[in-house]
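Here's a short set of exercises to work through with the coordinates open in your viewer. Try each task before you read its solution.

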Amino acid sequence: RNRDLRRLFLAEAGLLGLSGGLAGLVLGAAAGWILNLAAHGMTELPAKVSLFYIPGWLAAGSVLFATLVSMAAGGLPARRAAQMEPVAALRYE
């Protein structure tokens with residue numbers, strides 16, 4: 001059904017956004033950790049000081065934002081695919 005096809009496309013877009021948001025979060029956190037190590041090695045900062053810190057609410061919000069933006073961007077292709085024949089929509093490039 002058209003509704004199922006639209007859901008399929010939106011779910012795919014959402015999963016792509018979720019995985020991209022998580023990958024960005026992991027890479028960003030790793031870069032911040034490396035830069036913190038470098039800053040502590042080059043200066044006399046106390047051990048408790050962290051120059052690059054990602055609060056939990058910001059991490060969750062950024063992943064949610066990436067997922068929502070991806071789903072919004074997938075909305076038009078999902079609508080177009082829902083108007084096509086299901087087999088043709090799945091093969092559409």
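**Exercise 1.** Decide whether Val87 is buried, partly exposed or exposed, and say which helix holds it.

*Solution.* Keep in mind that you're working on a predicted model.
- Step 1: get the relative accessible area of Val87, which is 52%.
- Step 2: apply the cut-off: exposed means over 50%, so a residue with that value falls in the exposed class.
- Step 3: find its place in the chain. Val87 sits in helix H4, which covers residues 86-91.
- Step 4: check a long-range distance. Val87 and Asn2 are 85 residues apart along the chain, and 11 Å separates their C-alpha atoms.

**Exercise 2.** Describe how H1 and H2 pack: what are the angle and the axis distance, and is the crossing left-handed or right-handed?

*Solution.* Two numbers do most of the work here, since a packed helix pair is described by the angle between the axes and the distance between them.
- Step 1: the angle between H1 and H2 is about 145°, and their axes are 7 Å apart.
- Step 2: the H1 and H2 crossing comes out right-handed.
- Step 3: list who touches whom. On the H1 side you'll find residues including Leu10, Ala13, Gly14, Gly17 and Gly21, and they meet an H2 set that includes Ala59, Ser62, Ala66 and Ser70.

**Exercise 3.** Take Ser70 and work out whether it is buried or exposed, then name its contacts beyond four places in sequence.

*Solution.*
- Step 1: place the residue. Ser70 belongs to helix H2.
- Step 2: its relative accessible area is 17%, and buried means under 20%, so Ser70 is buried.
- Step 3: skip neighbours within four places in sequence, and Ser70 is in contact with Ala13, Gly14, Leu16 and Gly17. Those four also turn up on the H1 side of the helix pair.

**Exercise 4.** Which residues make the nonpolar surface patch of about 340 Å², and where do Val49 and Phe52 lie?

*Solution.*
- Step 1: the patch is built from Leu35, Val49, Leu51 and Phe52.
- Step 2: Val49 is in the loop that links H1 (2-42) to H2 (56-73), and Phe52 is in the loop between H1 and H2 too.
- Step 3: check exposure. Val49 has a relative accessible area of 32%, making it partly exposed; Phe52, at 41%, is partly exposed as well.
- Step 4: look at the neighbours of Phe52. Setting aside those within four places in sequence, Phe52 is in contact with Gly32, Leu35 and Asn36. Leu35 is thus both a contact of Phe52 and a patch member.
- Step 5: follow Gly32. This residue is in helix H1 and counts as buried at 10% relative accessibility.

**Exercise 5.** How far apart in space are Leu37 and Ala11, Gly32 and Arg3, and Phe52 and Gly17?

*Solution.* Work C-alpha to C-alpha and set each distance beside the sequence separation.
- Leu37 and Ala11: 26 residues apart in sequence, 39 Å apart in space. Leu37 lies in helix H1 and is partly exposed at 48%.
- Gly32 and Arg3: 29 residues apart in sequence, 43 Å apart in space.
- Phe52 and Gly17: 35 residues apart in sequence, 24 Å apart in space.

How values were computed
Residues numbered from 1 in each chain as written. Predicted model: local features only at pLDDT ≥ 70, side-chain atom pairs only at ≥ 80, totals over all residues. Heavy atoms only, no water. Patch = residues over 30% accessible without salt bridge, like charges linked within 9 Å, V, L, I, M, F, W, Y side chains within 5 Å. Areas by Shrake-Rupley, 256 points an atom, 1.4 Å probe, with all protein chains shown as cover. Salt bridge = Lys/Arg side-chain N within 4 Å of Asp/Glu carboxyl O. Helix = DSSP H or I, 4+ residues; strand = E, 2+ residues; numbered from the N terminus. Buried < 20%, exposed > 50% of the residue type's maximum accessible area, 1.4 Å probe, protein only. Axes fitted to C-alpha atoms, helices over the stretch in contact; angles between N-to-C directions. Left-handed = near helix turned anticlockwise from the far one by under 90°. Contact = heavy atoms within 4.5 Å.
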